[in-house]
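Colleague: Please take a close look at one part for me, the protein surface along a DNA strand. Walk me through it in one go.

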Number of protein chains: 2
Amino acid sequence: MSIDPGAATPLWRQLADILRAQIESGELPAGRIVPSENTLSQQHGLARGTVVKALDALEREGLVERIQGRGTFVRRDGRAGKE
Amino acid sequence: MSIDPGAATPLWRQLADILRAQIESGELPAGRIVPSENTLSQQHGLARGTVVKALDALEREGLVERIQGRGTFVRRDGRAGKE
DNA sequence: GAGAATTTGTACGTATGTATG
DNA sequence: ACATACATACGTACAAATTCT
């Protein structure tokens with residue numbers, strides 16, 4: 001799975017989808033994760049702002065939790081927030 | 001009500017709070033509204049990105065609806081989305 | 001405790017694309 | 001064709017919180 005700049009889907013959503021898939025598949029286990037924003041931006045060739053937007057989306061979905069100074073973590077059941 | 005750059009509250013949240021208050025007070029009636037992103041950014045002395053973040057927050061709260069090419073509108077009951 | 005390094009948070013500015021009127 | 005308005009994406013800078021040395 002990788003980013004396709006030519007696709008109709010926005011880049012930030014493509015990244016969010018990739019990370020969501022990795023979480024749901026267990027590749028990114030509950031507890032902690034998601035390489036830092038800088039790492040993600042380098043790995044996928046995206047601006048940091050774009051990475052942030054993807055992570056914000058995942059946080060709103062309740063999949064991850066972002067903590068300033070620490071990092072971004074996968075929530076334990078993958079849906080702790082709501083719904 | 002105006003923006004205070006020195007406050008602890010982020011600028012985008014201050015703007016969102018101002019707009020929310022205007023909506024709930026009826027100053028911004030249901031139907032249509034919110035001066036354009038450009039207008040808001042000039043009126044409050046904020047970057048457009050900051051205005052967008054405020055409007056995104058209000059949209060997530062279900063207070064407004066943003067339509068590309070048209071504008072940002074106040075939702076009818078002020079809480080149509082969720083909860 | 002001091003200081004550096006890391007990581008997320010906020011804010012700015014700019015450019016281009018897409019949709020509407 | 002043109003103007004307006006939101007959408008996406010880039011790059012930069014500094015602040016704030018945490019962790020490590």
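Modeller: H3(A) gives the most to the surface near DNA strand D, with three residues. Near means that a heavy atom of the residue lies within 4 Å of the strand. Helices (H or I, at least four residues) and strands (E, at least two) are DSSP runs, numbered from the N terminus. This is a predicted model: local features need pLDDT of at least 70, side-chain atom pairs count only at pLDDT 80 or more, and totals for chains, interfaces and linings use all residues. Side-chain values use heavy atoms, without hydrogens or water; residues are numbered from 1 along each chain as its sequence is written, chains are lettered from A and ligands numbered from 1 in the order in which they are written.

Around DNA strand D there are 22 residues, and Leu11(A), Thr50(A), Arg70(A), Glu37(B) and Arg66(B) come nearest. By type they divide into six nonpolar, nine polar and seven charged. Here Ala, Val, Leu, Ile, Met, Phe, Trp, Tyr, Cys and Pro count as nonpolar, Asp, Glu, Lys and Arg as charged, and the others, Gly among them, as polar.

Now the DNA side. Of the strand D atoms within 4 Å of the protein, 74% belong to sugar or phosphate and the rest to bases. In chain A, an N or O atom in the Thr50(A) side chain is 2.4 Å from a phosphate oxygen of strand D. For the side chain of Lys53(A), that kind of distance is 3.4 Å. From chain B, a polar side-chain atom of Thr72(B) lies 3.3 Å from a phosphate oxygen of strand D. Two or more residues each come from helix H1 (11-24) and helix H3 (48-60) of chain A, and from strand E1 (64-67) and strand E2 (71-74) of chain B.

Definitions and conventions: Polar contact = N/O pair within 3.5 Å; in protein donor to acceptor, adjacent residues only side chain to side chain.
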